[in-house]
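Dear colleague,

I am handing over the structure below, together with a short account of what was found in it. Please keep it open while you read.

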Amino acid sequence: MTALLELRDICVEVDNKEILHNINLAIPDGEVHALLGPNGSGKTSLMMTVMGFSEYKVTKGQIVFNGQDINELDITERAQMGIGVGQQRPPTISGVKLGQILDFAVSVDPRRNSKADELIDLAEMKAFIRRDVNDGLSGGEIKRSELLQLLITQPRFAMLDEPDSGVDIDAMEVVGSMVNMLFTKDMKHPAKRRAGLLITHTGQILDYVRADKAHIMIEGHLVGSGNPDLILETIIQSGYKACVRCLRERSISQ
Ligand SMILES: Nc1ncnc2c1ncn2[C@@H]1O[C@H](COP(=O)(O)OP(=O)(O)OP(=O)(O)O)[C@@H](O)[C@H]1O
Ligand SMILES: [Mg+2]
């Protein structure tokens with residue numbers, strides 16, 4: 001199967017320091033992959049690199065999206081190709097209201113208007129529409145705001161950075177439904193999915209959203225991939241190092 005997103009042996013530097021080393025990753029269209037790893041292992045950096053944030057410099061290798069080498073494309077061009085992100089710690093944007101961003105998204109494609117009100121209700125974000133983006137929002141509210149913006153723009157390939165962090169159990173139901181909706185191509189046929197990458201520490205989001213495959217990142221290296229449930233179970237019981245040992249012995253890989 002051809003991959004929608006493919007990272008071919010990429011190395012990435014920030015501030016002249018290499019933080020991602022020889023990463024190879026392929027995500028086929030219609031598959032959602034999970035990315036797990038301890039603090040500081042490089043998960044966010046990988047997502048920001050694929051989106052094209054300029055401080056993440058690809059010094060080696062290729063990023064290929066939908067068959068096209070996108071290394072030289074900027075963030076806007078990548079977004080126009082259908083790549084979207086829900087950031088771990090999105091910035092506050094003073095002077096720009098959430099409603100203005102949503103209105104702009106609808107003005108770019110008026111077909112988005114039909115669903116906007118329904119999505120705002122689902123996200124329970126009506127009270128925040130007239131506030132500056134993320135200004136004074138709680139951790140859980142910020143996650144819902146990010147997901148709402150993604151649901152209205154419907155990227156072909158969404159990457160979500162820890163949508164489950166800082167979210168309480170009740171709000172997880174809402175976040176889980178929103179993430180599932182984001183990865184569902186056609187609500188009448190839930191089996192038809194959009195591709196995406198779900199970054200998670202705790203794996204909590206995987207109780208709500210099915211991942212087809214999981215990858216483990218440690219110290220800037222992708223060290224193994226396999227069945228998400230088995231990988232998560234091993235990490236929870238025995239930690240990342242034991243999980244990597246199991247993967248090397250192939251006892252939990254797919
Ligand atoms: N813009 C930056 N400037 C300097 N260092 C950076 C920058 N972005 C990432 N790093 C460094 O790269 C390493 C990987 O960070 P990254 O945020 O990608 O990890 P992470 O796996 O997402 O961690 P967490 O689980 O805590 O979110 C860290 O050592 C971090 O300090
Ligand atoms: Mg991170």
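Which residue follows H1, and is its phi positive or negative? The residue is Gly52, and its phi is positive, near 100°. Please bear in mind throughout that this is a predicted model.

Helix H1 itself covers residues 43–51. Eight of its nine residues are buried, so the helix is largely enclosed by the rest of the structure. The buried residues are Lys43, Thr44, Ser45, Leu46, Met47, Met48, Thr49 and Val50.

Asp9 offers a contrasting case. This residue lies in strand S1, which spans residues 3–14. Asp9 has 11 other C-beta atoms within 10 Å. A residue counts as exposed if that number is 12 or fewer, and Asp9 is therefore exposed. Asp9 nevertheless has partners from elsewhere in the chain: leaving aside residues up to four places away in sequence, it touches Asn22, Asn24, Lys60 and Gly61. For one of these, Lys60, the separation in sequence is 51 residues, while the distance in space from Asp9 is 7.1 Å, C-alpha to C-alpha.

Two pairs of helices may also be of use to you.

The first pair to consider is H4 (residues 113–122) and H5 (residues 139–153), whose axes are 10 Å apart and which pack at an angle of about 160°. An angle over 145 degrees counts as roughly antiparallel, which is why H4 is described as roughly antiparallel to H5. The crossing of H4 past H5 is right-handed. On the H4 side, the contact is made by Ala116, Leu119 and Ile120; on the H5 side, by Leu148, Leu151 and Ile152. Sorted by class, this contact has six nonpolar residues, with no polar and no charged ones. On the spacing of such positions, an α-helix has 3.6 residues a turn, so residues three or four places apart point the same way.

The other pair is H7 (residues 228–238) and H8 (residues 240–248), whose axes come within 7 Å and cross at roughly 140°. That angle makes H7 oblique to H8. H7 likewise passes H8 in a right-handed crossing. H7 contributes Ile231, Thr234, Ile235 and Ser238 to the contact, and H8 contributes Tyr240, Ala242, Cys243 and Cys246. By class, the contact of H7 with H8 has six nonpolar and two polar residues, and no charged ones.

Yours sincerely,
A colleague

Conventions: Residues are numbered from 1 along each chain as its sequence is written. Chains are lettered from A and ligands numbered from 1 in the order in which they are written. This is a predicted model: local features need pLDDT of at least 70, side-chain atom pairs count only at pLDDT 80 or more; totals for chains, interfaces and linings use all residues. Axes are lines fitted to C-alpha atoms, for helices over the stretch in contact, and angles run from 0 to 180 degrees between N-to-C directions. Helices (H or I, at least four residues) and strands (E, at least two) are DSSP runs, numbered from the N terminus. Angles under 35 degrees count as roughly parallel, over 145 as roughly antiparallel, 65 to 115 as roughly perpendicular and the rest as oblique. A crossing is left-handed if the near helix is turned anticlockwise from the far one by less than a right angle, and right-handed if clockwise. Two residues are in contact if their C-beta atoms, placed from the backbone, lie within 7 Å. Ala, Val, Leu, Ile, Met, Phe, Trp, Tyr, Cys and Pro count as nonpolar, Asp, Glu, Lys and Arg as charged, and the others, Gly among them, as polar. A residue is buried if 20 or more other C-beta atoms lie within 10 Å of its own, exposed if 12 or fewer, and partly exposed in between; C-beta atoms are placed from the backbone.
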